[in-house]
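Me: I should like to go through this structure by question and answer, beginning with its backbone and ending with its charged side chains.

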Amino acid sequence: MATEIIINVGVYETRIAILEDQKVMEVLVERPEKQRTVGNIYKAIVESILPGMQAAFVNIGLEKSAFLPLGEVEEGRLFDFEVDAEKPRARAFGQHLQQGQKVIVQITKEPIGTKGPRVTTEVSLPGRFAVLLPSDDRIGVSRKITNWTEKRRLRKVTQEIKPDGFGIIVRTVAKTKGKAELEGDIKNLLKTWNKVYKRAQKVKAPVLLHREMGMTSSLIRDLFTDDVDRVVVDSKREHKQIVAYLRSVSPQLCSKVELHDERSPLFDAFKIEQEIEKTWDRRVWLRKGAYLIIDHTEALVTIDVNSGRYVGKTDQGKTALEVNLQAAQEIARQLRLRDIGGIIVIDFIDMASARARKKVWEKLMAAQEKDRSRTNVLPVSEFGLVEMTRQRVRPSLLYTFSETCPVCNGVGRVQGRDTTVSKTERWLKRAQAASVEKNLILQVNPLVAEYLSEKDESRLKLLKKSTKAKLDLVSVPELAIEQYRFLSAKTGKDLTEQFKV
């Protein structure tokens with residue numbers, strides 16, 4: 001299977017697409033205003049303890065308090081600070097937390113909706129080849145390394161170099177690596193942890209102690225292995241940073257990093273933009289007229305499988321099985337592409353045969369093998385329903401690209417203003433590649449115009465600078481938030497449709 005990582009760096013957002021056999025499987029987005037927080041380490045203050053929920057809420061200095069399950073605290077060691085002292089101590093946890101107590105925690109789940117972030121006291125620091133566990137003392141080897149001889153070798157090497165009082169998990173990338181590579185990685189992680197620990201003794205809570213790598217850097221660290229065919233990036237600065245990092249950890253991969261320096265936008269060249277646009281649709285078409293309907297609710301996501309225009313050539317049971325097998329494959333892809341997590345209920349077309357239901361379940365399980373998020377899938381019920389969960393670390397793509405609708409008060413959703421602005425940037429780059437006139441009038445909804453003009457017009461200035469266009473911004477109340485129009489400043493002609501996706 002050919003795997004490619006495509007990185008598009010824009011003024012307002014960085015987007016990464018993972019392609020498998022030229023098919024878009026995952027899209028990750030990071031914006032300056034909404035930087036990822038998973039992996040960040042904080043010195044926190046315990047605000048309240050809820051024995052009935054077996055949880056505590058801790059103040060980490062963000063807008064919302066973080067949720068700390070007590071079960072996770074009790075399983076490991078706790079790096080805590082006495083209520084009346086600032087000296088940290090790592091100990092086996094055998095009693096309840098105290099209100100006002102200071103502890104070291106790490107974010108495991110981004111804030112989603114009205115919920116704050118989820119944190120753990122089981123801190124971990126990931127490197128290229130290993131993960132350092134300051135609150136543990138065990139050695140683990142990635143389950144993806146299936147060769148038992150290699151597993152034993154890595155475990156033995158790690159045992160020789162493991163720092164006392166620390167745990168180590170050997171990552172998949174460490175396969176075939178020697179003692180020197182692992183030892184160098186662990187030493188760097190140990191230095192990082194010592195800095196975190198020393199800072200924790202000096203600063204007052206709540207405070208950030210350590211920020212995890214940005215999205216691009218962490219993805220290159222975690223995913224870029226020999227199995228990846230190439231990485232393509234459209235930023236010279238990002239390209240230089242990736243190559244510099246790889247020279248120190250995996251120099252053989254440097255030749256696989258390519259710089260896209262053509263005038264046409266990168267995501268257009270790989271036909272990724274169209275796939276992202278489709279993630280807005282409730283309806284996902286399958287072959288021969290069958291389709292899925294994907295709906296988000298407060299508690300769960302429902303996926304309905306419909307035969308549509310697909311009537312089949314034989315009996316109804318065989319037709320249902322064919323559609324359901326198609327659907328199982330596409331559902332696994334859509335869960336990754338849209339980054340849907342939490343509880344998911346799939347309504348397959350009814351199948352009377354237990355054997356057919358098992359086939360569909362096996363197809364769904366096989367299609368999820370490449371999914372990096374943990375899943376738990378129950379068998380297909382007699383009613384054709386599948387209940388499953390998928391690990392949710394961040395808001396889904398729908399919630400990343402949208403915001404609460406100011407008209408319907410949250411009943412539905414509209415495209416976010418920042419997404420509309422990003423689309424105008426990509427429109428301008430397509431126009432630039434086609435050498436269209438640069439003196440243009442940009443018409444947008446008043447809320448988008450206000451967003452562009454905030455901060456002393458910095459967003460509008462950045463847009464002009466990145467696209468080398470001369471823009472006159474015009475507020476048009478009749479336009480919806482997701483709409484925009486580009487007019488020629490010379491002739492007044494509407495050019496919008498020429499360079500839309």
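Me: Which residue lies in the loop between helix H3 (179-202) and strand E15 (207-210), and is its peptide bond from Ala205 cis or trans?
Reply: The model is predicted. The loop between helix H3 and strand E15 holds Pro206. Most peptide bonds are trans. The bond from Ala205 to Pro206 has an omega near 0 degrees, and it is cis.

Me: Is Gln22, in the loop between E2 and E3, buried or exposed?
Reply: Gln22 has a positive phi of about 65 degrees although it is not a glycine. Asp21, in the loop between strand E2 (14-20) and E3, also has a positive phi, of about 50 degrees. Asp21 is partly exposed, with a relative accessible area of 47%. Exposed means over 50%, and Gln22 has a relative accessible area of 69%, so Gln22 is exposed.

Me: Which element gives the most residues to the largest nonpolar core?
Reply: The core has 28 residues, and among those touching the most other members are Leu292, Ile331 and Phe348. Elements that give two or more residues to this core include strand E19 (291-296), helix H8 (316-337) and helix H9 (354-367). With seven residues, the largest contribution comes from H8.

Me: How many residues apart are Arg426 and Glu13, and are they buried or exposed?
Reply: The side chains of Arg426 and Glu13 meet in a salt bridge, 3.2 Å from N to O. Arg426 lies in helix H11 (residues 417-433), and Glu13 in the loop between strand E1 (3-9) and E2. Buried means under 20% relative accessible area; Arg426 has 10% and Glu13 has 4%, so both residues are buried. The pair links distant parts of the chain, and its separation is 413 residues.

Me: Which residue of helix H7 is linked to Lys423?
Reply: Lys423 lies in helix H11 and is buried, at 14% relative accessibility. Its salt bridge spans 3.0 Å, N to O. The partner in helix H7, 146 residues apart from Lys423, is partly exposed at 28%; this residue is Glu277.

Me: Which residue forms a salt bridge with Lys278?
Reply: Lys278 is partly exposed, at 46% relative accessibility. The partner lies with Lys278 in helix H7 (residues 273-278), three residues apart, about one turn of the helix. The closest N and O atoms are 3.6 Å apart, and the partner is Glu275.

Methods:
Residues numbered from 1 in each chain as written. Predicted model: local features only at pLDDT ≥ 70, side-chain atom pairs only at ≥ 80, totals over all residues. Heavy atoms only, no water. Core = buried A, V, L, I, M, F, W, Y, C linked by side-chain atoms within 4.5 Å. Buried < 20%, exposed > 50% of the residue type's maximum accessible area, 1.4 Å probe, protein only. Helix = DSSP H or I, 4+ residues; strand = E, 2+ residues; numbered from the N terminus. Salt bridge = Lys/Arg side-chain N within 4 Å of Asp/Glu carboxyl O.
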